[in-house]
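Got the viewer open and a free hand for the mouse? Let's take a walk through this one together, a selection at a time.

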Amino acid sequence: MSMKPLMFFGTTNLDLCFNVERLPTPGESLMGALVRHPGGKGANQAVAAAKLGCHPKFFTRLGDDDAGLILRQSLDGAGVLLDAVQTATGEPTGTAMIIVGDDGGNMIVIDAGANANVTSDLIEATHSHIEPGAIVVAEMGLPVVALEALFALKARIGFTLVFNPAPVRPGLSTKAWSQVDYVTPNESEAYELTGIEIECIDTAKQAAQAILAMGPKAVLITLGGRGAYFVDASQSFHIPAFPVIVVDTTAAGDAFNGGFAVALARGVPVRDAVRQAMAVAALCVTKRGAQPSMPTAEAVDEFLNHKTLLEIQ
């Protein structure tokens, strides 16, 4: 099967994950078990694509510390191409503190580290790594000025742009929004973008239309246990979620975006691409950790072909 080139732009962090019985309330102290995982939204998405059998390129910025070396080795081991990965002298690698409850819910605090210092010049310098016709995926952990520079490259190079607006930041221009082919917020991000609280499929439709009016060509809102809703100029549809036993939702959105990008790169029709992305996310939440929970292509194919309901021991 022929496949379009695939490149991700985003953050890389070392995740410090505390597994607790339940999430704490303000001022409360809880006992938990600490584990360390490679993470960061951009890195998670690139690793998700690599574990699905691709060899995506990835632009990110690591510190010149032990964490940066560990994360670089982890990306390489997963099959992510590192030509565009940069090491920032004298800067720390990004770090995330994640608390995960037994019900799969989480709380996350991020120190961006070297991720925060991605400039428009650094993005401009990556243009030789982006192949014409590629699927390019960007997330909003990068500075807005960097995203503006990346989106502006689309007119010069010619690529399909998937934009995951997480975490939502103000300031992205109307011109930049008009370059987006697919925008993929979750419910909370859709609310931050539109002020419309998603309580059902009807309100998801309203939010999607409001985001579509901001300029992107298509809107794909992930709805957690309610599935996903898609709309563009010619069609709209809702796909229900797959029933699985949720263990950790930390990287579900990243798994979805990685899976969606791979499906687009393989030329899968958009409805089937959404369904495949939902299967990747469904399998992801059945395991703990971000990158360690990303499923293989074989696991996704088996899940879709046999509609397996996983039993977690």
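What follows is a tour of pockets, helix contacts and one unusual peptide bond. Keep in mind that this is a predicted model.

**Stop one: the largest pocket**

Start by selecting Asn186, Thr249, Thr250, Ala252 and Gly253, which lie nearest the centre of the largest pocket. Zoom in there: the pocket has a volume of about 1100 Å³, and 42 residues line it.

Now colour the pieces around it. Strand 2 (13–19), strand 6 (94–100) and strand 7 (106–111) each give at least two residues to the lining, and so do helix 1 (41–51), helix 6 (187–194), helix 8 (252–265) and helix 9 (270–284). Which helix gives the most to this lining? That's helix 8, with five residues. If you colour the lining by class, you'll get 20 nonpolar, 16 polar and six charged residues.

**Stop two: the second largest pocket**

Next, select Val262, Arg266, Gln276, Val300 and Asp301. Of the 11 residues lining the second largest pocket, these are the closest to its centre. The space here comes to about 180 Å³.

Helix 8 and helix 9 turn up again, each supplying at least two residues of the lining, as does helix 10 (297–306). Helix 10 has the largest share, three residues. Colour by class once more and you'll find seven nonpolar, two polar and two charged residues.

**Stop three: helix 8 and its neighbours**

Stay with helix 8 and show helix 1 beside it. How do these two pack? Their axes are 8 Å apart, at an angle of about 45°, so the two helices are oblique to each other. The crossing of helix 1 and helix 8 is right-handed. To see the contact itself, show side chains for Lys41, Asn44, Gln45, Ala48 and Ala49 on helix 1, then Asp254, Ala255, Asn257, Gly258 and Val262 on helix 8. That contact is a mix of four nonpolar, four polar and two charged residues.

Now swap helix 1 for helix 9. The axes of helix 8 and helix 9 come within 7 Å and cross at roughly 145°, again in a right-handed crossing. On the helix 8 side, select Ala252, Ala255, Phe256, Gly259, Phe260, Ala263 and Leu264; they meet helix 9 residues including Val270, Ala273, Val274, Met278 and Cys284. This contact has 14 nonpolar residues, two polar and no charged ones.

**Stop four: helix 6 and helix 7**

Hide those and bring up helix 6 with helix 7 (201–212). Here the axes come within 10 Å and cross at roughly 55°, which makes this pair oblique too. Is the crossing left-handed or right-handed? Helix 6 passes helix 7 in a left-handed crossing. Select Ala190, Leu193 and Thr194 in helix 6, which meet Ala207, Ala210 and Ile211 in helix 7. By class, that gives five nonpolar, one polar and no charged residues.

**Last stop: a cis peptide bond**

Finally, jump to Ala166 and Pro167. What joins them? Look at the backbone: the link is a cis peptide bond, with omega about -10°. To place it in the chain, find strand 9 (160–164) and helix 5 (174–177); Pro167 sits in the loop between them.

Methods
Residues numbered from 1 in each chain as written. Predicted model: local features only at pLDDT ≥ 70, side-chain atom pairs only at ≥ 80, totals over all residues. Heavy atoms only, no water. 1 Å grid on protein atoms, 1.4 Å probe; cavity = no way out; pocket = protein on both sides within 12 Å on 5 of 7 lines; lining within 4 Å. Points joined across faces, edges and corners; volume = space filled by probe spheres on them. Helix = DSSP H or I, 4+ residues; strand = E, 2+ residues; numbered from the N terminus. Nonpolar A, V, L, I, M, F, W, Y, C, P; charged D, E, K, R; others polar. Axes fitted to C-alpha atoms, helices over the stretch in contact; angles between N-to-C directions. Parallel < 35°, antiparallel > 145°, perpendicular 65-115°, else oblique. Left-handed = near helix turned anticlockwise from the far one by under 90°. Contact = heavy atoms within 4.5 Å.
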